[in-house]
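Good morning, and thank you for coming. Please take a moment to look at the structure on the screen before I begin.

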Amino acid sequence: MEFKSGLQHCFFVILIGLILSVVAEGGIAQDSAVPDGEPLYMTRCASCHQANGEGISGVFPPLNEVDWVTGDKGRLIRLVLDGVMGPLQVGDMVYTGAMPPWKTFLNDQEMAALLTYIRTAWDNDASAVTENEVRLVREATNDRKKAWTTEELEDEINQGIPGSFGFIISPRDTTGTN
Ligand code: HEC
């Protein structure tokens, strides 16, 4: 009897030890692995969209206070993965340039950090983008070989975060306006 409860005690201590070590490891791993979005933005995007997110009027559209940055996350992720071209109206300015694709240069984690940065930088105050959301959109659009057109991205079918089975699991986020 005494032996049995000693054994139980022993198991209990081991179990607590295991739980604590998993928690501690998770905490440390998360702290050191999460990339910082701001330096990624500075090296990848600021040459065109500028450090202050205002772009260059008529040439590179602003990322500050525009719906395509702070609105639907699925559209933003698609746009940055594969690029976008075609007339894009922001305020009273029409942009006709081409935005390059980034899917081979940024992994899911980097893309999540970068997009979270632009959604909260300057006057923007939108929700974070997670690594998992980037992964789901990347998987669903994996076959895409060319830039999106603005028309395609205005279509709801190309917005939202698809689930692993191909249907929308998160409702479209339509906060913010251009
Ligand atoms: C070589 C210049 C260039 C770089 C670098 C660049 N972009 Fe763009 N971006 C553009 C152009 C040009 C457009 C407008 C495309 C159009 O007219 O359809 C655009 C459009 C956008 C839009 C839509 C903006 C709006 O006002 O509605 C977003 C969001 C965006 N880019 C994000 C990014 C992010 C994030 C990066 C860095 C990973 C980046 N861009 C890097 C040129 C660039």
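I shall speak about the surroundings of the ligand, then about helix 6, and finally about the nonpolar core.

Please keep in mind that this is a predicted model.

Let us start with the ligand. Its shell holds 30 residues, and C45, C48, P61, G97 and M99 come nearest. By class, 23 residues of the shell are nonpolar, 6 are polar and 1 is charged. Several elements each supply at least two residues to this shell, among them helix 3 (46-49), helix 5 (73-82), strand 2 (88-90) and helix 6 (108-120).

Helix 6 deserves a closer look. What span should its 13 residues have at 1.5 Å a residue? The expected value is 18 Å, because the rise is counted over one less than the number of residues. The end C-alpha atoms of helix 6 are 18 Å apart, which agrees. Just after the helix comes W122, whose phi is positive, near 50 degrees.

Which residues of helix 6 are buried? They are M111, A112, A113, L114, L115, Y117, I118 and R119. These buried residues pack against helix 2 (37-44), helix 4, helix 5 and helix 7 (131-140).

This brings us to the core. The largest nonpolar core has 28 residues, of which I77, V80, L114, L115 and I118 touch the most other members. Helix 2, helix 5, helix 6 and helix 7 are the elements that give it two or more residues. Helix 6 gives the most, with 7 residues.

Finally, consider I118 itself. Leaving aside residues up to four places away in sequence, I118 touches Y41, G53, L63, V69 and N124.

Definitions and conventions. Residues are numbered from 1 along each chain as its sequence is written. This is a predicted model: local features need pLDDT of at least 70, side-chain atom pairs count only at pLDDT 80 or more; totals for chains, interfaces and linings use all residues. A residue is near a molecule or strand if its C-beta atom, placed from the backbone, lies within 6 Å of it. Helices (H or I, at least four residues) and strands (E, at least two) are DSSP runs, numbered from the N terminus. Ala, Val, Leu, Ile, Met, Phe, Trp, Tyr, Cys and Pro count as nonpolar, Asp, Glu, Lys and Arg as charged, and the others, Gly among them, as polar. A residue is buried if 20 or more other C-beta atoms lie within 10 Å of its own, exposed if 12 or fewer, and partly exposed in between; C-beta atoms are placed from the backbone. Two residues are in contact if their C-beta atoms, placed from the backbone, lie within 7 Å. A nonpolar core is a set of buried Ala, Val, Leu, Ile, Met, Phe, Trp, Tyr and Cys residues joined through C-beta atoms within 7 Å.
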